Amino acid sequence: MNLEKQGVFFRCVEDSSDAIMISDASGRLQYVNPAWQRIYGYSWSEAIGQTPRLLRSRHQGDDFYQTLWAEILDPAKGFWKGELVNRAKDGREVPVLLTITPYRRDGDGTVAGYMGIAIDQTRKKELEAEVIQQDRLASIGFLASGLAHEIGNPLGVIRGRAEYLAMRSEISQTVRDNLGVIVAQIDRISKLIYSLLHLARAERAGTPHPVGLQKVCQDVVNLMTHPFRQEGVALELLVPESARALVEADRLGQVLLNLVVNALHAIQSAKAGGRAGPHSVRIEARERDRGWELSVSDTGTGIDEEAMKNLFKPFFTTKEVGKGTGLGLSISQRIVSSWGGHIQVESRWGQGTRFRVYLPAS
Ligand SMILES: Nc1ncnc2c1ncn2[C@@H]1O[C@H](COP(=O)(O)OP(=O)(O)O)[C@@H](O)[C@H]1O
Ligand SMILES: [Mg+2]
């Protein structure tokens, strides 16, 4: 059987589920297969004649490409293989495992062009990042539970002594008031420790239970009080005691924490952009179709149309490298839909954003 005559080579390239591109010696694209077009979002006519620069993201700089080409042109090596992040037409960042190999002219053997094969790593990277995140949460959980004991016991003793002294009849009212302050401050520390403990318990997907939403929200508020106060932003909690949904408390805490952190980031950007405020974030719960809707509203930057399209995609972030991973909303969406709920967004550029998380109660 003559594979070449039957066009098998072409069909294999055309039907490959990995992205394949072929360029001439100057790097201009001459062929891209359907998987390439699907992964990067450019059509055939948009791609042909362009160079792969089209796919450059902010993650790799010029030195990266210099090393890459040096390896391809080095006769001893002759190809490049590695991981990088491309940018699709809609701005989505696509981590890929890419191999670039030159192909040669029959006869004189000079390089006629290059072939690139890119394997989409989005799902793999997302899982890796999630494992790292879970890992980190697990170690924080471990530390927090140790800390809760180490700090909790002496705090308990201090609190007990303060209460005991407050009951003695010979002390003045001023001393008694001061002892009251000590007790109140100790209670505040204890609350913080237990909030951290609850949130950091990184259990994997479990079974949903009826969970009181007020308690989960209060834990997040306890942890965020300091950063909000520092930024001069009000954090309001309007969740009734009766709000209950069938969820997992720890994971709902993570979802909510990401929404509240995102809201604070958006307000910081709005302030940096000249909108002095006053600014606030509000967490609210409303009963809705046999469940509860938790919403987080902010007075931050808002979300522009372009970002709106990509919001829930893994790795989509407008934050500087190190501040955001772009995974918060995509993971949150998966968590919430595993309970049969969903997340919606409304936003007005320059005014603010409201995320609404619907949680079923049965
Ligand atoms: N409340 C908000 N206001 C404005 N933009 C937001 C808000 N929440 C999310 N975003 C946008 O969505 C992007 C993705 O959010 P997320 O998935 O949590 O990842 P990350 O916070 O790591 O960037 C953010 O980078 C930001 O551009
Ligand atoms: Mg986030």
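Analyst: Ala, Val, Leu, Ile, Met, Phe, Trp, Tyr, Cys and Pro are counted as nonpolar, Asp, Glu, Lys and Arg as charged, and the others, Gly among them, as polar. The model is a predicted one, in which local features need pLDDT of at least 70 and side-chain atom pairs count only at pLDDT 80 or more, while totals for chains, interfaces and linings use all residues. Residues are numbered from 1 along each chain as its sequence is written, and chains are lettered from A and ligands numbered from 1 in the order in which they are written.

User: Which classes make up the shell around ligand 1?

Analyst: With those classes, the shell divides into eight nonpolar, 12 polar and two charged residues. Membership requires a C-beta atom, placed from the backbone, within 6 Å of the molecule; 22 residues surround ligand 1, and the closest are A266, T317, G324, G328 and L329.

User: Which helices each supply at least two residues of that shell, and which element gives the most?

Analyst: Helices here are DSSP runs of H or I with at least four residues, strands are runs of E with at least two, and both are numbered from the N terminus. The helices α8 (249-272) and α10 (328-338) each supply at least two residues of the shell, and α8 gives the most, with four.

User: Why is L327 called partly exposed?

Analyst: A residue is buried when 20 or more other C-beta atoms lie within 10 Å of its own, exposed when there are 12 or fewer, and partly exposed in between, the C-beta atoms being placed from the backbone. L327 has 19 C-beta neighbours inside 10 Å, and therefore counts as partly exposed. L327 is found in the loop between α9 (305-310) and α10. Leaving out residues up to four places away in sequence, L327 touches E126, A129, P314 and F315, where contact requires C-beta atoms, placed from the backbone, within 7 Å.

User: What makes D289 and R290 unusual in phi, and are they buried or exposed?

Analyst: Most residues other than glycine have a negative phi, and most peptide bonds are trans. D289, which is not a glycine, has a positive phi of about 20°, and R290, also not a glycine, has a positive phi of about 50°. D289 is placed in the loop between β9 and β10, and R290 is in the loop between β9 and β10 as well. D289 has 9 C-beta neighbours inside 10 Å and therefore counts as exposed, while R290, with 8 other C-beta atoms within 10 Å, is exposed.

User: Which peptide bond is cis?

Analyst: The bond from G277 to P278 is cis, with omega near 10°, and P278 is found in the loop between α8 and β9.

User: How do you know where the largest nonpolar core lies with respect to the domains?

Analyst: A nonpolar core is a set of buried Ala, Val, Leu, Ile, Met, Phe, Trp, Tyr and Cys residues joined through C-beta atoms within 7 Å. The largest one has 36 residues, of which L213, L256, V260 and A263 touch the most other members. The elements that give two or more residues to this core are α6 (173-200), α7 (213-231), β8 (244-247), α8, β9 (280-288), β10 (291-298) and β12 (352-360), and α8 gives the most, with 10 residues. Domain 2 (122-202) and domain 3 (207-362) both give residues to this core, so it lies between them. Apart from this core lies another, of 20 residues, among them A19, I39, Y114 and A118.

User: What does the chain's domain assignment give, and which residue classes does domain 1 turn towards domain 3?

Analyst: The bounds, which come from an automatic or database assignment, are domain 1 (8-120), domain 2 (122-202) and domain 3 (207-362). Four residues of domain 1 are in contact with six residues of domain 3, and on the side of domain 1 that touches domain 3 there are no nonpolar, one polar and three charged residues.

User: How do you know that β12 is paired with β10 and with β11?

Analyst: Two strands pair if DSSP finds at least two bridges between them. β10 and β12 pair in the antiparallel sense over eight bridges, with S297 opposite R354 in β12. Strand β11 (residues 342-348) and β12 pair in the antiparallel sense over seven bridges, with Q344 opposite R356 in β12. β11 and β12 form a hairpin with three residues between them, and G350 in the turn has a positive phi of about 85°.

How values were computed:
Two residues are in contact if their C-beta atoms, placed from the backbone, lie within 7 Å.
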